[in-house]
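Biologist: I would like to go through this model with you. I will ask what lies behind each label.

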Amino acid sequence: MKVTIKNRLNQIPALNDSLDEWNHEMQIGDILECNAFTSSQEYRSIKKRYPLGMGNIVIPLSYIWNDMFPKMKWTRGFYFFVSREHHRIYSHTEILGRICRAGFRIVSEKNKRGYLHIVAEKKSEPLEHNDSTESPLLKLYRVGKDGKLIKVYKFRTMYSYSQYLQDYVYERNKLNRSGKLKNDFRVNIWGKLFRSIWLDELPMLWNVLRGDMKWVGVRPLSQHFFSLYTPEMQKLRTRVKPGMLPPFYYEKEAPKGLDEIQASECRYVEAYLKHPFLTDWRYFWGTIYNILIKSKRSK
């Protein structure tokens, strides 16, 4: 069965509720077809409508009103009272993320007549969502010691609903040579800057103080990334707490690809299990030297 939504998703109030209702009316494998007007398409339209560079002034105002106001709890009520939620503007990432959160898998997406045309397949029931705000601080579930999920704190560097697109981005782009998602469109402009200077990971200090993490150790991985590791490496890396400074920065040559990253982590964990304090001491100062003197960065 195929369900076609005639109205653009921007015109549908309480979009998450509507997506959930469509999901409940469909069977696994059924197709959802819909259209949306993304923020990038909106900004291009603004530039055409406003001459003499006025569009560069209108675009930030549009972003504040259409994107930030409906997501901040002390402005959300005012926004919905004025707009009646009849023309929300969503980023490309948020549109796809909302659809995936509702239990769909993106089959295809393409620009069609000035809109984003999306075809999705029902794969599960809708997932719970508790991150509808634009709070700069995120709590993300990561695999910790003994395989237990821990809440890791980070500054937001991605568009809203990005967490539901990790599988989709991986299937589409795979990993780059440093083991991260290639061409990850979910990262916003500020996020690229924050990541280049590790500002996004600063809140992890709270995890270190709480005892969930330590200064040096393997990265706390999402369940998706953890599933990409070999069973042997999954078992080995969950014997120790994750850390803020991963073995990647200690190596003389940066690991290239997931296999080399696993080998790097394996060397660290095996050394740590034999000599915990000395290993972390050596890795900590070696990492500081590589970062400050050799300007090593994560690509």
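Biologist: This is a predicted model. What is the mean pLDDT of the protein chain, and how many of its residues reach 70 or more?

Modeller: The mean is 89. As for the cut-off, 96% of the residues reach 70 or more.

Biologist: Which elements have the lowest and the highest mean pLDDT?

Modeller: Helix α7, residues 189–196, has the lowest, at 78. Helix α10, residues 231–237, has the highest, at 97.

Biologist: What makes strand β4 largely enclosed by the rest of the structure?

Modeller: Count its buried residues. Strand β4 covers residues 115–122, and six of these eight are buried. A residue is buried under 20% relative accessible area. So β4 is largely enclosed by the rest of the structure.

Biologist: How do you know that β2 and β4 pair?

Modeller: Pairing takes at least two bridges. Strand β2, residues 31–36, shares six with β4, in the antiparallel sense. One partnership joins Leu32 to Ala120 in β4.

Biologist: How many bridges link β3 and β4?

Modeller: Eight, and the sense is again antiparallel. Strand β3 spans residues 104–112. Lys112 has Tyr115 of β4 as its bridge partner. The two strands form a hairpin, with two residues between them.

Biologist: Why is Arg113 called exposed?

Modeller: Its relative accessible area is 79%. Exposed means over 50%, so Arg113 is exposed. Arg113 sits in the loop between β3 and β4.

Biologist: What is notable about phi in Arg113?

Modeller: Phi is positive, about 55°, although Arg113 is not a glycine. Most residues other than glycine have a negative phi.

Biologist: Tyr161 also has a positive phi, near 70°. Is Tyr161 buried or exposed, and how do you know?

Modeller: Its relative accessibility is 2%. The limit for buried is under 20%, so Tyr161 counts as buried. Tyr161 lies in the loop between β6 (149–155) and α6 (166–173).

Biologist: What is the angle between helices α3 and α4, and how far apart are their axes?

Modeller: Helix α3, residues 55–68, packs against helix α4, residues 73–83, at about 95°. Their axes are 10 Å apart.

Biologist: Why is α3 called roughly perpendicular to α4?

Modeller: Roughly perpendicular runs from 65 to 115 degrees. The angle is about 95°, so the label fits α3 and α4.

Biologist: Which residues meet there?

Modeller: Trp65, Asn66 and Met68 in α3 meet Thr75, Phe78, Tyr79 and Val82 in α4. Five of the contact residues are nonpolar, two are polar and none is charged.

Conventions:
Residues are numbered from 1 along each chain as its sequence is written. This is a predicted model: local features need pLDDT of at least 70, side-chain atom pairs count only at pLDDT 80 or more; totals for chains, interfaces and linings use all residues. Side-chain values use heavy atoms; hydrogens and water are left out. pLDDT is the predictor's confidence in each residue, from 0 to 100. Helices (H or I, at least four residues) and strands (E, at least two) are DSSP runs, numbered from the N terminus. Buried means under 20% relative accessible area, exposed over 50%, partly exposed in between (1.4 Å probe, protein chains only). Axes are lines fitted to C-alpha atoms, for helices over the stretch in contact, and angles run from 0 to 180 degrees between N-to-C directions. Angles under 35 degrees count as roughly parallel, over 145 as roughly antiparallel, 65 to 115 as roughly perpendicular and the rest as oblique. Contact means heavy atoms within 4.5 Å. Ala, Val, Leu, Ile, Met, Phe, Trp, Tyr, Cys and Pro count as nonpolar, Asp, Glu, Lys and Arg as charged, and the others, Gly among them, as polar.
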